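Please open the model in your viewer and keep the selection tool at hand. This tour moves from one selection to the next and says what can be found at each stop.

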2 protein chains.
Amino acid sequence: MGNETGTGTRDLLIETARDLFLLQGYGATGVAEIVRVAGVRPGSLYYFFPTKEDLLIAVLEWYRDNIYEGLLQPVYERIDDPLERVFGILDGYRQMLLLTAYDQGCPIGNLALEVTNSHPRVRELLKENFVQWTDEVARNLTLAAGRLPAEIDIPGLSEYILSVMEGAIMLARTYRTIDPYDNAIAHLRDYVDRMVEDGTNWAKPSRFRHASDGEKTL
Amino acid sequence: MGNETGTGTRDLLIETARDLFLLQGYGATGVAEIVRVAGVRPGSLYYFFPTKEDLLIAVLEWYRDNIYEGLLQPVYERIDDPLERVFGILDGYRQMLLLTAYDQGCPIGNLALEVTNSHPRVRELLKENFVQWTDEVARNLTLAAGRLPAEIDIPGLSEYILSVMEGAIMLARTYRTIDPYDNAIAHLRDYVDRMVEDGTNWAKPSRFRHASDGEKTL
DNA sequence: CCCATGATTGAGCGATCACTCAACAGTATA
DNA sequence: TATACTGTTGAGTGATCGCTCAATCATGGG
């Protein structure tokens, strides 16, 4: 973490690229723009990063290493209840959408669909970020497990929550209104509330009914 | 639709761009590549489309005008039950993920996060495609309304289903495994099943939190 | 002092980017 | 045949792309 040696140019480039990638995407952000905003010359960038993709990797590593300071801590300072902390995290993305007028959503989700077919290391880091997010949600759900059905699949539910959030951000950014996000979180809240209040009646989602599995459904 | 006049070059360019945008994204696909794959010269493209963005607009209009043939009809031929038709549509995306080895997800979702900050007409068409998809799901849910709670917000639930699907595709493409998609659809199936099987006990998701019994929160 | 090392400079590389345009071909109508 | 209109051609535009590199600077140790 603390890069105590050096002049700070490397960190400056990572943070500049991070912000520009978030606003414009990876492909739409040129190296020339990054170095111009950072106030350095192209050679300096390529002294630290062999390619533009290595800079993207460093940005994704930054997100992975700063999830607590940037995402969790502001929520955990306000909220103690583990279940409400999960919805607090979701509310953080809501604030981001509103404050940036839907220009910024989830940094990882933005990049995920854009660079999925690129270098394996990039995909690996996208996955690491998603897994870290999911694990943190799962940790909170485990702390609230007393209120949830015993047979609940906490990792699966956590991943489901991530799916809902990413999809809802996509719709909110496209529509440029918060309604799709609020609608999705409300449904999610209802789903979780049902587990809390009626745990014994909760059916573990397991029956996979894919048409591809053969039988014609009527 | 039936462009009976002309030589077909315009349609050929739209379909070629559609396929390349789906595989590589909008920004990563160059005009030179489109005309090379289509077997025409750059001048022909710019005879029909003033800018590359106008070609993207034509592609989005194509998706809007061909949702039935490309997405719904293959499902509706197999499945009659309106509720199962919804999950049949979702299974179509599952097949796409598997058949393309996670290279192709939802064509609209791919573009949505990439070009959200571009020309208003593009955003408008992305929205039109999402709304059309949601409306079709809502139509099916309405046909199945007899099995659903009377007070259910069908448009809201339809939009929620779209959120879940788009987020699940994002995760499946990043992880390069179908598990996140199956997990999300299973949770969605469970959510809908609960409404069908226990409609009277279903509460409209809005202000339903920690009803009567002891408050543990904070 | 000298030197090694880390860091920076800035001109400039070839390739590709979206895009242009004057010339021309094909076909139908007059 | 003459005119008009729809497409097509392909060389070529300036700008920007990611990236290179020999030269230079700053700094601390021996």
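## Stop one: a helix of chain B

Begin at Gly25(B), which follows α1(B) and has a positive phi, near 95°. Before going further, keep in mind that this is a predicted model, in which local features need pLDDT of at least 70 and side-chain atom pairs count only at pLDDT 80 or more, while totals for chains, interfaces and linings use all residues. Residues are numbered from 1 along each chain as its sequence is written, chains are lettered from A and ligands numbered from 1 in the order in which they are written, and side-chain values use heavy atoms, with hydrogens and water left out.

Now select helix α1 of chain B, residues 9–24; helices here are DSSP runs of H or I with at least four residues, strands are runs of E with at least two, and both are numbered from the N terminus. This helix has 16 residues and reaches 22 Å from its first C-alpha to its last, close to the 22 Å expected at 1.5 Å a residue, where the expected span is 1.5 Å times one less than the number of residues. Colour its buried residues, among them Leu13(B), Ile14(B), Leu20(B) and Phe21(B); buried means under 20% relative accessible area, exposed over 50%, and partly exposed in between, with a 1.4 Å probe and protein chains only. If you then show what covers these buried residues of α1(B), you will find that the cover includes α2, α3, α4 (52–65) and α7 (107–114) of chain B.

## Stop two: a loop residue

Next select Val40(B), which is found in the loop between α2 and α3 of chain B. Is Val40(B) buried or exposed? At 12% relative accessibility, Val40(B) counts as buried. Leaving aside its neighbours within four places in sequence, Val40(B) is in contact (heavy atoms within 4.5 Å) with Thr9(B), Leu13(B) and Val35(B). Of these partners, Leu13(B) is 27 residues from Val40(B) in sequence, and their C-alpha atoms are 8.6 Å apart in space.

## Stop three: DNA strand D

Select DNA strand D together with the residues near it, where a residue is near if one of its heavy atoms lies within 4 Å of the strand. There are 18 residues around DNA strand D, and the closest are Val31(A), Lys52(A), Thr7(B), Thr9(B) and Tyr47(B). By class, this surface has seven nonpolar, nine polar and two charged residues; Ala, Val, Leu, Ile, Met, Phe, Trp, Tyr, Cys and Pro count as nonpolar, Asp, Glu, Lys and Arg as charged, and the others, Gly among them, as polar. Which helix gives the largest share of the surface near DNA strand D? That share, four residues, comes from α3(B).

Zoom in on single atom pairs next. A polar side-chain atom of Tyr46(A) lies 3.2 Å from a phosphate oxygen of DNA strand D, and a polar side-chain atom of Arg41(B) lies 3.3 Å from a phosphate oxygen of the strand. At Gly43(B), by contrast, a polar backbone atom is 3.4 Å from a base oxygen of DNA strand D.

## Stop four: DNA strand C

Move to DNA strand C, which has 18 residues around it, with Thr7(A), Thr9(A), Val31(B), Tyr46(B) and Lys52(B) coming nearest. The largest share of this surface, four residues, comes from α3(A). Show Val31(B), where a polar backbone atom is 2.8 Å from a phosphate oxygen of DNA strand C, and then Gly43(A), where a polar backbone atom is 3.4 Å from a base oxygen of the strand.

## Stop five: chain A and its helix α5

Finally, select chain A, which contains 10 helices and zero strands, and in which buried residues make up 55% of the 218 residues. Within chain A, pick helix α5, residues 67–78, whose buried residues are Ile67(A), Leu71(A), Leu72(A), Val75(A) and Tyr76(A). They cover an arc of only 100° around the axis, which puts them on the same side of α5(A); the arc is that of the directions from the helix axis to the C-beta atoms. On the other side of α5(A), Gly70(A), Glu77(A) and Arg78(A) are exposed. To finish, show what covers the buried residues of α5(A), which includes α4 (52–65), α6 (82–99) and α8 (120–143) of chain A.

Methods:
A polar contact is a pair of N or O atoms within 3.5 Å; within protein, one must be able to donate a hydrogen and the other to accept it, and residues adjacent in sequence count only if both atoms are side-chain atoms.
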